[in-house]
Amino acid sequence: MNNMKKGFIFDLDGVIVDTAKYHFLAWKKLANSLGIDFTKEENEQLKGVSRVRSLQKILTWGNKSLSSEEFTDLMAKKNDDYLGYIDKMDASEVLPDVHRVLNYLKQKHQPIALGSASKNAKPILQKVNLLSDFDAIVDGNDVSRAKPDPEVFVTAANLLKIEPKECIVFEDSVAGVEAANVAGMVSIGIGSETVLGHADHVFQDFTQISEEFLNQLINN
């Protein structure tokens, strides 16, 4: 196997696009409709958490209970609201310098995959015009175990036909970095060093990632 080929795996939410704000707006609308206050701090606690578990948390915070029927209806409504926001996305929503990094990796003929828990990954990539940049896409429809289980990244590595230890993962969540570490991949945290200190490297965003650094990753 050519040593110069690595597998570059990107998470979606918070790495390529910021869809977290749409989850926030949709959960806030739901919570407020039940007369429950919902803050950014509470939203942080729902990151990477399943929809069922998220709604349970909101109900606990608001000291409310629902019938299972109401619960199911509200979950569907939240998803519809979220999809309504996503529907209006366009290429301007791609985070700074993501294009530059993807283009550089493509120039260097490096295999690129998406590894995301989102079940809406493909429609989002289509909306922001990045679908064709990825050689493989693994999303919430393909895997059953959530991060920190490494299933999503290992599946992506298999599709790229690259050994896990030759893969590099870009992640913005604690669970995602953990999943990459468990898989034996190089983990690159996108966000705050205080939160993602267990990653091999941490950058605030892609504007801080130099081509020199990408070259090191490729040739390492």
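Select helices H1 and H4 first: H1 passes H4 in a right-handed crossing, meaning that the near helix is turned clockwise from the far one by less than a right angle. The model is predicted, local features need pLDDT of at least 70, and side-chain atom pairs count only at pLDDT 80 or more, while totals for chains, interfaces and linings use all residues. Residues are numbered from 1 along each chain as its sequence is written, and side-chain values use heavy atoms, with hydrogens and water left out.

The axes of H1 and H4, lines fitted to C-alpha atoms over the stretch in contact, come within 9 Å and cross at roughly 140 degrees. H1 is therefore oblique to H4, as the angle is neither under 35 (roughly parallel), nor over 145 (roughly antiparallel), nor 65 to 115 (roughly perpendicular).

Next, colour H1 alone, residues 20–33. Its 14 residues should span 20 Å at 1.5 Å a residue, counting one less than the number of residues, and the end C-alpha atoms are indeed 20 Å apart. Which residues of H1 are buried (under 20% relative accessible area, 1.4 Å probe, protein chains only)? They are Ala20, Tyr22, Phe24, Ala26, Trp27, Leu30 and Ala31. These residues pack against H2 (40–44), H3 (51–62) and H4 (68–87), with contact meaning heavy atoms within 4.5 Å. Just after H1, select Gly35, which takes a positive phi of about 75 degrees.

Finally, move to H5 (98–107) and H10 (211–219), whose axes are 11 Å apart at an angle of about 45 degrees. The contact includes Tyr104 of H5 and Leu214 of H10.

Technical notes:
Helix = DSSP H or I, 4+ residues; strand = E, 2+ residues; numbered from the N terminus. Buried < 20%, exposed > 50% of the residue type's maximum accessible area, 1.4 Å probe, protein only. Axes fitted to C-alpha atoms, helices over the stretch in contact; angles between N-to-C directions.
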